[in-house]
Amino acid sequence: MAIPLCPYFNQCGGCTTQHLEYTSQVNNKVKELKRITSCDTVAVFTGPEYYYRHRMDFVFSHQGLGLRSKGASFSIVDVKRCV
């Protein structure tokens with residue numbers, strides 16, 4: 001098991017595999033790509049174990065700014081008041 005670095009891990013809907021070792025994450029990705037493409041060989045690009053996400057989806061609401069909750073997109077994690 002790996003230690004998730006994101007303070008919102010297991011609360012928001014992103015980065016759901018940070019608790020897995022990186023090699024397991026890559027192997028799972030290969031297995032899933034083979035399954036959905038029905039190919040025997042697939043190429044998967046790898047890079048740094050952390051800090052590879054280049055996009056985050058924020059929610060703006062009357063409550064402020066936050067992230068969508070895991071499994072409940074209508075709920076917001078870490079709401080920051082907009083001043």
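**Two pockets and a buried glutamine**

The second largest pocket in this predicted model holds about 290 Å³ of space. It is lined by 15 residues, and those closest to its centre are T17, Y22, Q25, K29 and Y52. Sorted by class, this lining is made up of eight nonpolar residues, six polar residues and one charged residue.

The largest pocket comes next. Its space amounts to about 490 Å³. Here 18 residues form the lining, with C6, G14, C15, R53 and M56 closest to the centre. The classes in this lining are 11 nonpolar, three polar and four charged. As for how such spaces are found, rolling a probe the size of a water molecule over the atoms shows where empty space is left.

One residue can now be followed in detail. Q18 sits in the segment before helix 1, which spans residues 22-37. Is Q18 buried or exposed? Its relative accessible area is 11%, and because buried means under 20%, Q18 counts as buried.

Which residues does Q18 touch, leaving aside those up to four places away in sequence? They are A2, I3, P4, L5, C6, F9, Q25 and Y50. With two of these residues, the side chain of Q18 also makes polar contacts to the backbone. A polar atom of that side chain lies 2.9 Å from the backbone nitrogen of L5. The side chain of Q18 also reaches the backbone nitrogen of C6, at 3.2 Å. C6 has already appeared above, as one of the residues closest to the centre of the largest pocket. Q25, another residue that Q18 touches, is among those closest to the centre of the second largest pocket.

Conventions:
Residues numbered from 1 in each chain as written. Predicted model: local features only at pLDDT ≥ 70, side-chain atom pairs only at ≥ 80, totals over all residues. Heavy atoms only, no water. 1 Å grid on protein atoms, 1.4 Å probe; cavity = no way out; pocket = protein on both sides within 12 Å on 5 of 7 lines; lining within 4 Å. Points joined across faces, edges and corners; volume = space filled by probe spheres on them. Nonpolar A, V, L, I, M, F, W, Y, C, P; charged D, E, K, R; others polar. Helix = DSSP H or I, 4+ residues; strand = E, 2+ residues; numbered from the N terminus. Buried < 20%, exposed > 50% of the residue type's maximum accessible area, 1.4 Å probe, protein only. Polar contact = N/O pair within 3.5 Å; in protein donor to acceptor, adjacent residues only side chain to side chain. Contact = heavy atoms within 4.5 Å.
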